[in-house]
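Here is a short report on one protein chain. Look at the structure first, then read on.

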Amino acid sequence: MGLTAEDTALRRCRLYYDMLTDYNSRFNLTAIKGEEDGARLHFLDSVGILGAYNFSGKTVVDVGTGAGFPGIPVAIWEQSAKVTLVDSTEKKVDFLREVCKALSLSAKAVHGRAEELAQDWDFRESYDIAVSRAVARLNVLTELCLPLVKVGGVFMAMKSADSDEEIAEAEKAAVTLGGKLLPLYTYTIPGTDITRRVVMVEKVRNTPEKYPRHYGVIKKKPL
Ligand code: SAH
C-alpha cells in the first residue's frame, strides 16, 4: 500500500487489537475473527483510504466509527491529522476514549448523531475530510456526512466493488447537499481478493441550511 510501518504504529495497533478483543469478549463491539482477519479487514482496509487523498495536517471526522474504523488506524498512521470519531452509541465512544488514552492519540471521540451535530456550528462545515465505513446507504450517508465538510474539502465513503447502483442513486443527493462526485478510488486489501471502492465527493458549495434533516425523514425520503 506504499505505507511504512513504524515501530510505534505497530505497537499501537497491537495494543488497540488487544483492547478490541478484550472489550469484544464482554460487549461485542465489532465482528473480528482472529488476528489475520482483523489486520486485513479492519486495519489494512482502514489505512487503504490514505492513498485516496492527502490527510496530512487535515481535520478528519469519522462518522459512525463504531469500534474505531477507519478513524483509529488513520489517526495511528497519519499523526498530523486531527481526527474526530463520532458515534451514536455511548459505550462505543467510552471505549474509543480509553483507546485514545492508552495509545496516546490526540484523536477526540464524540458521542452524538451526525445529523444532529451537523446542525451545531461547532461541527457543521468544520472538517477538511469526512470518512465513513459501513454506516448507511450512500444517499442517506451523504446527508449525514457532507454537511460536516468545509467547502473545498471531501467526503470519502468506503463502499464495496458492487456499488454502481448505490452511487448512481446518490448523485442527486450529493449535488443537493453542495457536493460533486469525483472519480472513484479503488484498492485491493493486501492478502485478500477484496476490492474496496472509495466514493469521493468534493464539497463545492455550502450545504443549504435545511439539511441534514431529522433521521426519520432522511430515511423515509432519501434525497
Ligand atoms: N465504521 C465502523 C462501524 C460500522 S457499524 C466499521 O466499519 O467497523 C455503524 C456504526 O454507525 C454504529 O456504531 C452506529 O452506532 C453508528 N451510527 C449509525 N447511525 C449514526 C448516526 N446517524 N450518527 C452517528 N453514528 C451513527
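Two strands pair if DSSP finds at least two bridges between them. Helices (H or I, at least four residues) and strands (E, at least two) are DSSP runs, numbered from the N terminus. This is a predicted model, where local features need pLDDT of at least 70, side-chain atom pairs count only at pLDDT 80 or more, and totals for chains, interfaces and linings use all residues. Residues are numbered from 1 along each chain as its sequence is written, and side-chain values use heavy atoms, with hydrogens and water left out.

## Strands side by side

Start with strand β1, residues 59–63. Is this strand buried or exposed? It is mostly covered, with 5 of its 5 residues buried. Buried means under 20% relative accessible area, exposed means over 50%, and partly exposed lies in between (1.4 Å probe, protein chains only). Both faces of β1 are covered. T59, V61 and V63 are buried on one side. V60 and D62 are buried on the other.

Now turn to the partners of β1. Strand β2 covers residues 82–87 and runs parallel to β1, with 5 bridges joining the two. In this pair, V61 stands opposite T84 of β2. How does the chain get from β1 to β2? It crosses through helix α3, residues 71–77, in a right-handed β-α-β crossover. A crossover is right-handed if, with the strands pointing away from the viewer, the path from the first strand over the helix to the second runs clockwise.

Strand β4, residues 127–133, also pairs with β1. These two run parallel and share 3 bridges. Here V61 stands opposite A130 of β4.

From β4, move on to strand β5, residues 149–160. The pair is parallel and is joined by 6 bridges. Which residue of β5 is the bridge partner of A130? It is F155. The chain passes from β4 through α6 to β5, and this β-α-β crossover is right-handed.

Helix α6 spans residues 138–145 and is mostly covered: 8 of its 8 residues are buried. Among them are L138, V140, L141 and L144. N139, T142, E143 and C145 are buried too.

Strand β5 also pairs with strand β8, residues 195–203. This pair runs antiparallel, with 7 bridges. A157 has V199 of β8 as its bridge partner.

## Two helices crossing

Next come helix α1 (residues 7–27) and helix α4 (residues 90–102). Their axes come within 10 Å and cross at roughly 150 degrees. That angle makes α1 roughly antiparallel to α4. Axes are lines fitted to C-alpha atoms, for helices over the stretch in contact, and angles run from 0 to 180 degrees between N-to-C directions. Angles under 35 degrees count as roughly parallel, over 145 as roughly antiparallel, 65 to 115 as roughly perpendicular and the rest as oblique.

The crossing of α1 and α4 is right-handed. A crossing is left-handed if the near helix is turned anticlockwise from the far one by less than a right angle, and right-handed if clockwise.

Which residues make the contact? From α1 they are L15, Y16, M19, L20, Y23 and F27. From α4 they are K91, F95, E98, V99 and A102. Contact means heavy atoms within 4.5 Å.

## Backbone details in the loops

The table lists some backbone angles in loops.

| Residue | Backbone feature | Place |
|---|---|---|
| P70 | cis bond from F69, omega near 5 degrees | loop between β1 and α3 |
| P212 | cis bond from Y211, omega near -5 degrees | loop between β8 and α8 (215–220) |
| S104 | positive phi of about 50 degrees | loop between α4 and β3 (108–111) |
| A134 | positive phi of about 55 degrees | loop between β4 and α6 |

S104 is not a glycine. A134 is not a glycine either. S104 is exposed, with a relative accessible area of 56%. A134 counts as exposed because its relative accessibility is 74%.

## Helix α7

V175 sits in helix α7, residues 164–176. Its relative accessibility is 43%, so V175 counts as partly exposed. V175 and T207 are 32 residues apart along the chain, and their C-alpha atoms are separated by 9.4 Å.

K172 is also found in α7. K172 counts as exposed, at 58% relative accessibility. K172 and T30 are 142 residues apart in sequence and 32 Å apart in space, C-alpha to C-alpha.
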